[in-house]
Amino acid sequence: MHRFTSIARSCHTLNQTTASSRLQSRAVIRFSGPDTVKFLQGLLTNDVRRFGEPPAERTSSLPTPNLTTVSVPPMYAALLTPQGRFLYDLFLYRPGRASEKLDRTGSAPGSDSGGSVELLADVDASVLDELLQTFKRYRLRSKVEIENVAEDFSCWQRFGGNLAGKSRIAEEPDAANVGWGSGVDKSAQSSAHGDEHGWQWFQDPRLECLGFRGIFPANETPPLVEADKETVEENYSLWRIENGVAEGSTEIPKGEAMALEYNLAGLNAISFDKGCYVGQELIARTHHRGVIRKRLLPLVFLDENKREAEQKVAPGSEVIDTTSGKKVGSVTTALGCRGLGLLRLGDAFKDPGSLAVQGQEDVKVEALRPKWWPAEWFPEHEQYSAVA
């Protein structure tokens with residue numbers, strides 16, 4: 001397994017390569033039963049109903065014996081407290097079957113909405129037991145089974161500058177289409193033809209720049225993962241942080257964080273027209289008011305000479321404006337020379353070069369605006385450049 005020699009160096013390296021990581025911080029659970037979609041629709045921030053619809057036809061551009069497969073893109077969503085605070089994030093997948101073909105009516109076998117639906121969810125492993133208990137507490141009389149299948153499946157991410165922003169069909173056809181059901185990687189073809197599930201890589205449902213994500217059998221290496229390109233999860237975390245994206249119930253503080261301040265709307269995790277779900281009232285009120293004064297931002301930690309340098313900054317550290325002594329926000333995540341921080345937008349960019357970590361004034365802080373941010377989030381600060 002490849003590990004970049006230092007976190008600081010990998011900031012540059014990741015922009016010029018493609019890497020793959022098994023996400024040890026994530027685990028897999030399974031929802032199944034006739035009420036699966038209805039159950040999750042009433043709980044999660046996103047519109048889960050599409051998983052109950054007949055999957056669309058997907059025609060691979062690759063020369064494989066399995067040209068037509070049934071595929072539903074994954075979905076990113078969150079479960080909130082009744083008061084609207086963040087609890088858990090989930091990536092939901094509907095497993096495709098290698099044997100599933102569209103019939104003459106355009107439907108797939110067993111795809112009618114009245115049948116049983118199986119969904120896999122990629123969740124934060126550090127809160128796995130608690131998360132399972134929470135979902136089971138909400139289950140009541142719903143006909144849905146909730147199982148821990150973490151020993152059977154692993155979560156993987158393909159990422160890096162060579163993948164970011166590419167068309168998943170035209171420029172990255174393998175990653176878009178290949179899986180245990182269609183097979184193009186010679187080393188994976190035997191699994192592809194022998195496995196009943198059509199495991200695939202999918203475009204990350206949050207942002208194209210994050211690359212591709214997938215759930216795969218735990219005892220197998222996914223297609224397209226080259227031995228010399230597999231890297232530690234820390235490097236994927238760094239890639240996320242550089243792009244201003246938090247993940248999991250530690251980086252998005254459980255029971256405290258407001259989903260809109262952590263940019264979940266921009267990460268395709270929230271539907272504003274799906275109807276009621278747990279915690280919806282706060283989300284809807286904040287969204288329609290249209291005023292979000294604080295947002296999660298990527299940070300760069302600098303030394304006294306304003307050069308990027310690995311710093312020991314603890315999550316929870318306050319960020320201050322050294323000119324006024326005013327608190328601007330706090331660091332939520334730190335990894336080497338990079339971090340994430342929940343900062344007031346009106347102050348984060350007012351005086352570039354004036355931000356520092358309180359109690360560590362020799363550690364300077366630079367807040368960056370990610371490229372993917374919509375202009376309406378930040379109209380008064382358009383003069384500041386986006387993350388390069």
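Contact means heavy atoms within 4.5 Å. By that rule, residues 24 or more positions apart account for 73% of the protein's contacts with a separation of 6 or more. The model is predicted.

**Figure 1. Overview of the predicted protein.** The secondary structure comes to nine helices and 17 strands. Of the 388 residues in the protein, 57% are buried. The accessible surface is about 17000 Å². Carbon and sulfur atoms hold 46% of that surface.

**Figure 2. The nonpolar cores.** In soluble globular proteins, nonpolar side chains tend to be buried together. Here the largest nonpolar core has 69 residues. I252, L264, I270, L297 and L343 have the most contacts inside this core. Apart from the largest core lies another, of 30 residues. F39, V48, L90 and F135 are among the residues of this other core.

**Figure 3. Close-up of I252.** I252 is one of the residues with the most contacts inside the largest nonpolar core. Leaving out residues up to four places away in sequence, I252 touches Y76, F86, A246, E247, A257, Y262 and L264. L264 is also listed with I252 among the residues with the most contacts inside that core. E247, another neighbour of I252, belongs to a salt-bridge network that includes R240 and E251.

**Figure 4. The salt bridge between D89 and R26.** The count of salt bridges in the model comes to 20. In one of them, the side chains of D89 and R26 meet at 3.2 Å, N to O. D89 lies in strand β6 (residues 86–93) and R26 in strand β2 (residues 26–33), so the pair ties together parts that are 63 residues apart in sequence. D89 is buried, with a relative accessible area of 0%. R26 is buried too, with a relative accessible area of 7%.

**Figure 5. A bridge from strand β2 to strand β8.** The side chains of E147 and R30 form a salt bridge of 3.3 Å, N to O. R30 lies in strand β2 and E147 in strand β8 (residues 145–148), so this pair ties together parts that are 117 residues apart in sequence. E147 is partly exposed, at a relative accessible area of 32%.

**Figure 6. R206, D204 and their network.** R206 and D204 form a salt bridge, with the closest N and O atoms 2.8 Å apart. R206 is buried at 2% relative accessibility. D204 is buried as well, with a relative accessible area of 3%. Salt bridges that share partners join both residues into one network with R26, D89, D122, R213, R240, E247 and E251. The D89 and R26 pair of Figure 4 thus appears here again as part of that network.

**Figure 7. D321, a buried acid without a salt bridge.** D321 lies in strand β13 (residues 318–321). D321 is buried yet has no salt bridge. The nearest side chain of opposite charge is K350, 6.6 Å away. A salt bridge needs a side-chain nitrogen of Lys or Arg within 4 Å of a carboxyl oxygen. What polar partners does D321 have? A polar atom of the D321 side chain lies 2.8 Å from the backbone nitrogen of T323. The D321 side chain also joins that of S354 in a polar contact of 3.4 Å. Leaving out residues up to four places away in sequence, D321 touches K326, V328, D351, S354 and L355. S354 thus appears both as a polar partner of D321 and in this list of contacts.

Notes:
Residues are numbered from 1 along each chain as its sequence is written. This is a predicted model: local features need pLDDT of at least 70, side-chain atom pairs count only at pLDDT 80 or more; totals for chains, interfaces and linings use all residues. Side-chain values use heavy atoms; hydrogens and water are left out. A nonpolar core is a set of buried Ala, Val, Leu, Ile, Met, Phe, Trp, Tyr and Cys residues joined through side-chain atoms within 4.5 Å. Buried means under 20% relative accessible area, exposed over 50%, partly exposed in between (1.4 Å probe, protein chains only). Helices (H or I, at least four residues) and strands (E, at least two) are DSSP runs, numbered from the N terminus. Accessible areas come from the Shrake-Rupley method with a 1.4 Å probe; for residues, only the protein chains shown count as cover. Lys and Arg count as positive and Asp and Glu as negative; His and the chain ends are not counted. A polar contact is a pair of N or O atoms within 3.5 Å; within protein, one must be able to donate a hydrogen and the other to accept it, and residues adjacent in sequence count only if both atoms are side-chain atoms.
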